[in-house]
Amino acid sequence: MPGTAPEGPALELRDVAKSFGSVVALRSGSIAVTPGSIHALVGENGAGKSTLVKIVAGVHRRDSGVFRLHGEDVDFGSTADSKAAGVAVIYQEPTLFPDLSVTENIFMGRQPVGRGRRIDRAAMYAEAERLFQGLGVHIDPRRPARGLSIADQQIIEIAKAISLDASVLIMDEPTAALSGVEVERLFAVARGLRDEGRALVFISHRFDEVFELCDTVTVMRDGDYVSTDAIAATSVDEIVSRMVGREVAELFPKSPAEIGDVVLEVEGLSSLGTFHDVSFSVRAGEIVGLAGLVGAGRSEIARAVFGVDRYDAGAVRLAGKPVAARSPRAAIRAGIAFVPEDRRKQGLVTDASVARNVAAVIRRGLTHAGVLTNRDENKAAGPWAGRLEVKTSALDMTASTMSGGNQQKVVLAKWLATEPKLLIIDEPTRGIDVGTKAEVHRLLSDLAGQGLAILMISSELPEVLGMADRVLVVCEGRITAELSRDEATPEAVMHAATATTAHAIEEEATA
Amino acid sequence: MSTATVDRPEGRATRTYPAYSRSLWRRVLLTREFAVIALLAIVYFYSNANVPAFDGPLTLYYLFLDIAPILLIALPMTLVIITGEIDLSVASVMGLSSALIGVLHADAGMSIPLAALVAIVVGAVCGAFNGFLVAYVGLPSLAVTIGTLALYRGIAQGLLGTKAITDFPEKWTDLAKERIFGDGSSYPMILIPFVILLVLFVWLLHFSTFGRGVFEIGLNDEAAHFSGVDVERTKFLLFVLAGAVSAFAGLYFTLRFGSARGDNANGLELQVIAAVLLGGVSIFGGRGALHGVVAGVILIGVISSAMRLQGETVNKINIVIGVLLVLSVISTTLLGWAQGFLSRRRRSSTPISGSSSEDGQRRQAAAATESTNER
């Protein structure tokens, strides 16, 4: 029960190890979370955070080590066991049943029953209402889960956790897909839960959030426990250097490159309901950043340019030649590469081998008299994987077990192998650890130096400001500002990103 | 962490990888396909030794005559199922093709080759209709092809009613039963077009860019779309191929029995799908290989032929094949469970430490170099 927990940690892991075959995912995971505290767990991707969380959640069984909950040794064989013991995990992207109502999602599998074993809907709605009130949020308990923002979906998962009376809540990168306001609301909820005496674990790559929200921070590196500190007694630089085991000199090393001819021209691109009259160009050697709030239509513009989505009006030209709409193949042939937002669903086929993923786009050029063999693919993929330092034991390993950063390298290898003229990269470093992040940034900078035109979409403002030669700000499907590197300050970008919203509200008010 | 500059990969690759994580024999022998081939060999040699008359000259000959339509249709069906779709209308297309050949030959006076050509084109059109609804309209293939299963069969029976056309020139009906290497050979003529199609489909699935797309669609069609695979066109083409090959199988069926009927090959689609699944193709898509499928079809043929020679009834044969199919489908789950169980037991008996896992890595590295040496 939250609040009544005795002295000592609510959740304690000591020297927990887990390996998958010969791959050691976790060597000595340790963490001790006291009730009434928000404990940050940070580390590069592949540091073992996710494995640790999965052990606590009952997804994996540990190989060795101590695992205690409220001072008692536990061993979860399934996620049901861990839920029953009062552990709840909120994932980055919750999995709700889209066609069921919010309330039904909360009470899935344990609906209150009334007379004659009929589900007591009234009680369910009342309870859901009470939960949302307690969290201080306004969500209609009767609406279907479909169409809810990710932030609202997380709130529903949290409501579910509270209704299960979870004493330990783990939030695995909950803020990665949230906008500023949504993050604030989530933090308010998290603080409320802390004050009720629950133990929270917060995993994030964003240090400003860690330092704003948490009171204690545990650092992991390469499957090992490194340190635990009170937030007040440490600094970002200290944490970062512990995570990577060295000082990170510069996070965003965009070096000036020679700007060449126009590579991409987009003119009057419109798609009903998503974006309107979008025009811009990208030159060789230039990194153009698309900034804006989540949901402003940045990814949709990129997807339309690459041809995976349709558009209603407008034109896309690459090096002066029109690119056919609605055809990724035509875009690839024209020299466009597209690293999408969602690696696991769109970027690569996780169940296919590294070689096949890397060779996926260039394989048409690898055939001999129409015959394509594994050997051809391995020969072509090997050097590209090596150049990007993909960590894998062999080329026939699947990408499914890799960390996010490693998967991103596979996606990049796949697209750089096509030797593109334009690289569109959507959220290049989402869910990637600090070390790989710097590596990706350096790579993008080098690529621009070699004359590649880059269109970069990012929700991380420092990334955009640090990397982009020019920043285009998108707000509600329109480009509201074009800022040069010197003009692009956080204030200027945020102003443009919210400009039309404020404008629209004013208009509404006067109407 | 070194700087990852990317110009061209030649010259100074920073890191190299072995091509395979497992040695050659493991990759070849420890597969579902090989399990089916091994089972086929066992059943074949057992029957040869123990079933009376199984080693006679007619057994294999009739076996191939009987399973030829299944062998033929299993080829495109494998590709369709690997993309995660299914085509239940194949046997109805066979029936339609059979009825059409009968009508065109007997009533319209067309020669057999011309009638066959028309039938195959119609089969392709039937497949194209399925493919259009599945790939471009986006309907589920199960529902679409259940519909066209009834539709095509209905047209076939509408063409001929209950009558059968048996008036085919002997030249052609004999050709369907001809043996390749003269009298006494076990191999009927139909194996020639089959082998040609087999080579074509092996190339298409395993050695072409099209085939890589087929697997990717089955594993993750969105990612396939994002890498420039034309998901719609691939699926459409596969349904067209399934229709055309089914129509060809219908031609063979008609000539072999010298009879064109609207209800020819009724229910054959389930035998085809059963054989494909037995051959190790995942019903969820993304996994499978043609050597396993061919072995699966022949395995079913050998079992039913051997049991028939022993005087068993069709019902018993169906029960055995049904059980085998269920076992093959659950074998993946059972194997995974058994492996998990074994590794858990091994781990609990030997406490894991840093050094033992390093040993594991070394072993894997050794296995990897071994496999590259073999190449």
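Helices and strands are here runs assigned by DSSP, with at least four residues for a helix and at least two for a strand. In this predicted model, chain A has 18 helices and 20 strands by that count.

Consider the overall form of chain A before its parts. The C-alpha trace spans about 70 × 65 × 50 Å along its principal axes. A compact globule of 511 residues would have a radius of gyration near 24 Å, and chain A agrees with this because its own value is 24 Å. Of these 511 residues, 50% count as buried. Contacts also reach across the sequence: among those in chain A between residues at least 6 apart, 69% join residues at least 24 apart.

The domain assignment divides chain A into three named parts. Domain 1 covers 11-96 + 148-244, domain 2 covers 249-335 + 420-511, and domain 3 covers 348-416. Domains 1 and 2 are thus each written as two stretches of sequence. Between domain 1 and domain 3 of chain A, the C-alpha centres lie 33 Å apart.

Next comes the interior. In soluble globular proteins, nonpolar side chains tend to be buried together. In this model the largest nonpolar core has 191 residues, and those with the most contacts inside it are L422(A), I424(A), I454(A), V473(A) and A74(B). At least three residues of this core come from domain 2 of chain A, and at least three from domain 3 of chain A. A second core, separate from this one, has 67 residues, including L11(A), V102(A), I139(A) and A159(A). Returning to A74(B), its contacts beyond four places in sequence are with V272(B), A275(B), V276(B), V293(B) and V297(B).

One sheet of chain A can be followed strand by strand. It is an open sheet of six strands with mixed pairing, in the order β16-β17-β18-β13-β19-β20. At its edges stand β16 (336-339) and β20 (478-484); each has a single partner strand, so one side of each is left without a neighbour in the sheet. Neighbouring strands are turned against each other by 20° on average, direction ignored. Within the sheet, β13 (residues 287-292) and β19 (residues 470-475) of chain A pair in the parallel sense over five bridges. In one of the pairs, G289(A) has V471(A) in β19(A) as its bridge partner. Helix α9 (residues 298-306) of chain A packs on this sheet and touches β13, β16, β17, β18 and β19. The direction of α9 makes about 145° with that of β17(A).

Another parallel pair in chain A is formed by β6(A) and β7 (residues 168-172), joined over four bridges. Here the bridge partner of I90(A) in β7(A) is M171(A). Which way do the residues of strand β6 (residues 87-90) point? V87(A) and V89(A) point one way, while A88(A) and I90(A) point the other way, and all are buried.

The last stop is in chain B, where helix α4 (residues 90-107) contains M94(B). Why does M94(B) count as buried? M94(B) has 33 C-beta neighbours inside 10 Å, and a residue is buried if 20 or more lie within that distance. Beyond four places in sequence, M94(B) is in contact with P69(B), S246(B), A249(B), G250(B), F253(B), N264(B), A265(B) and L268(B). Of these partners, A265(B) is 171 residues from M94(B) in sequence and 6.7 Å from M94(B) in space, C-alpha to C-alpha.

Note on methods
Residues are numbered from 1 along each chain as its sequence is written. Chains are lettered from A and ligands numbered from 1 in the order in which they are written. This is a predicted model: local features need pLDDT of at least 70, side-chain atom pairs count only at pLDDT 80 or more; totals for chains, interfaces and linings use all residues. The radius of gyration is taken over C-alpha atoms; the globule rule is 2.2 Å times the number of residues to the power 0.38. A residue is buried if 20 or more other C-beta atoms lie within 10 Å of its own, exposed if 12 or fewer, and partly exposed in between; C-beta atoms are placed from the backbone. Two residues are in contact if their C-beta atoms, placed from the backbone, lie within 7 Å. A nonpolar core is a set of buried Ala, Val, Leu, Ile, Met, Phe, Trp, Tyr and Cys residues joined through C-beta atoms within 7 Å. Domain bounds come from an automatic or database domain assignment. Two strands pair if DSSP finds at least two bridges between them. Axes are lines fitted to C-alpha atoms, for helices over the stretch in contact, and angles run from 0 to 180 degrees between N-to-C directions.
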